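Student: Could you zoom in on one helix pair for me and tell me how the two pack against each other? Then carry on from there into whatever else is worth a look.

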Amino acid sequence: MHIALLSRNRNLYSTRRLVEAAEQRGHKVRVIDTLRCYMSIAAHHPSIHYKGEEIERFDAVVPRIGASVTFYGCAVLRQFEMMGTYVLNDSVAITRSRDKLRSLQLLSRKGLGLPITGFAHSPDDIPDLITMVKGAPLVIKLLEGTQGIGVVLAETNQAAESVIQAFMGMKANIMVQEYIKEARGADIRCFVIGDKVVASMKRQAAEGEFRSNLHRGGTASLIRITPEERSTAIRAAKAMGLRVAGVDLLRSNHGPVIMEVNSSPGLQGIETATGKDIAGLIIEHIEKNAAAPRKAPPKPKG
């Protein structure tokens with residue numbers, strides 16, 4: 001197969017591993033900088049150009065689109081879709097999962113466990129917003145934040161009100177969530193491929209930190225998940241329409257709750273913690289599905 005890997009940096013661990021896994025299976029791989037692609041949008045011959053030349057045809061595209069380039073990256077991916085190329089995660093699913101508020105609304109409609117989440121526009125509604133999520137301590141999140149950036153733990157109602165007012169004053173879009181104290185600074189990353197959780201790890205926040213992101217000093221270890229957690233992760237990925245996803249869960253007193261569904265989950269932490277060849281499993285999934293008749297992923301309304 002001839003596979004395109006959309007990535008801004010060929011030296012990233014996840015990019016390197018996917019290239020290695022594909023080449024080990026005899027496939028030809030080309031790493032393409034998403035932002036260097038440009039498009040001819042025409043009725044009979046949609047095409048993509050790259051560094052001065054029309055790009056060759058690919059059997060499959062693996063998008064590794066960073067959050068900061070979601071809009072342009074998804075436009076490029078849509079062009080591949082228009083050309084009839086198999087894409088591992090399609091543009092609609094990626095856009096859906098990157099919108100934190102929309103994704104939570106879709107997950108809620110499917111009846112999946114979530115932390116109580118509040119969203120408001122007017123400063124006049126802040127007191128009721130805080131009450132809605134059971135009061136402090138509570139978590140305030142920038143909707144555009146990634147890797148734990150723009151996430152604040154407010155210990156008191158007064159602190160929460162001040163932080164929310166400050167964000168609103170800067171016209172920032174935020175949501176407020178209940179703090180799952182019993183999780184004790186740990187979450188579970190479930191790696192979903194197709195309709196299976198192929199690996200899972202526990203991420204523990206560093207001492208004095210409540211965010212468990214590995215980029216913020218968190219540590220990863222192997223964990224055995226429950227059948228309910230496994231089912232929740234698979235259903236969450238399907239709700240987003242993602243074929244490959246990293247689903248982040250917290251263990252709460254009322255069962256697993258979903259924090260986020262990631263459309264470009266990193267491979268380094270999960271492969272190191274579990275010892276599994278996740279990159280190889282992704283390529284195997286492409287082998288099974290790219291050559292088959294095109295089957296669109298589930299398209300939830302909204």
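**A helix contact and its surroundings**

Tutor: Let's go straight to the contact: on the α2 side you have Thr-70, Cys-74, Leu-77, Arg-78 and Glu-81, and they meet Ser-91, Ile-94, Thr-95 and Arg-98 of α3. Bear in mind that this is a predicted model. Sort those contact residues by class and you get an even split, with 3 nonpolar, 3 polar and 3 charged. As for the geometry, the axes of α2 and helix α3 (residues 91-98) come within 9 Å and cross at roughly 160°. An angle over 145° counts as roughly antiparallel, and therefore α2 gets that label relative to α3.

Stay on α2 for a moment, since this helix (residues 70-82) also carries Phe-80, half of an aromatic pair that links distant parts of the chain. The partner is Phe-58, which sits 22 residues away in the loop between β5 (53-54) and β6 (60-63). How many aromatic pairs does the structure hold? Just this 1. Its ring centres are 6.4 Å apart, with 65° between the planes, and it goes down as edge-to-face. That label applies because planes over 60 degrees apart count that way. Are the two rings' residues buried or exposed? Phe-58 has a relative accessibility of 7% and counts as buried, and Phe-80 is buried too, at 1%; the cut-off for that word is under 20%.

For a second helix pair to set beside the α2 and α3 one, try helix α1 (residues 13-24) and helix α9 (residues 278-290). Their axes lie 8 Å apart and the packing angle is about 55°, which makes α1 oblique to α9. The crossing of α1 past α9 is right-handed. On the α1 side the contact involves Arg-17, Leu-18, Ala-21 and Ala-22, and on the α9 side Ala-279, Gly-280, Ile-282 and Ile-283. The class count here reads 6 nonpolar, 1 polar and 1 charged.

Just ahead of α1, in the loop that runs from β1 (2-6) to that helix, you'll find Arg-10. If you skip the neighbours within four places in sequence, the contacts of Arg-10 are Thr-15, Arg-16 and Val-31. How far is Arg-10 from Gln-79? The C-alpha atoms are 22 Å apart in space, with the two positions 69 residues apart in sequence.

Now for some backbone details you'd probably want to check before setting up a calculation. Ala-136 and Pro-137 are joined by a cis peptide bond, with omega at about -5°. Pro-137 belongs to the loop between α5 (126-132) and β9 (138-142), and Lys-134 has its place in the loop between α5 and β9 as well. Phi of Lys-134 is near 75°, a positive value in a residue other than glycine. Lys-134 counts as exposed, at 59% relative accessibility.

Lys-51 also has a positive phi without being glycine, near 55°. Its place is in the loop between β4 (47-50) and β5. With a relative accessible area of 52%, Lys-51 is exposed, because the word takes over 50%.

Definitions and conventions:
Residues are numbered from 1 along each chain as its sequence is written. This is a predicted model: local features need pLDDT of at least 70, side-chain atom pairs count only at pLDDT 80 or more; totals for chains, interfaces and linings use all residues. Side-chain values use heavy atoms; hydrogens and water are left out. Rings of Phe, Tyr and Trp (its six-membered ring) pair if their centres lie within 6.5 Å; planes under 30 degrees apart count as stacked, over 60 as edge-to-face and the rest as tilted. Helices (H or I, at least four residues) and strands (E, at least two) are DSSP runs, numbered from the N terminus. Buried means under 20% relative accessible area, exposed over 50%, partly exposed in between (1.4 Å probe, protein chains only). Axes are lines fitted to C-alpha atoms, for helices over the stretch in contact, and angles run from 0 to 180 degrees between N-to-C directions. Angles under 35 degrees count as roughly parallel, over 145 as roughly antiparallel, 65 to 115 as roughly perpendicular and the rest as oblique. A crossing is left-handed if the near helix is turned anticlockwise from the far one by less than a right angle, and right-handed if clockwise. Contact means heavy atoms within 4.5 Å. Ala, Val, Leu, Ile, Met, Phe, Trp, Tyr, Cys and Pro count as nonpolar, Asp, Glu, Lys and Arg as charged, and the others, Gly among them, as polar.
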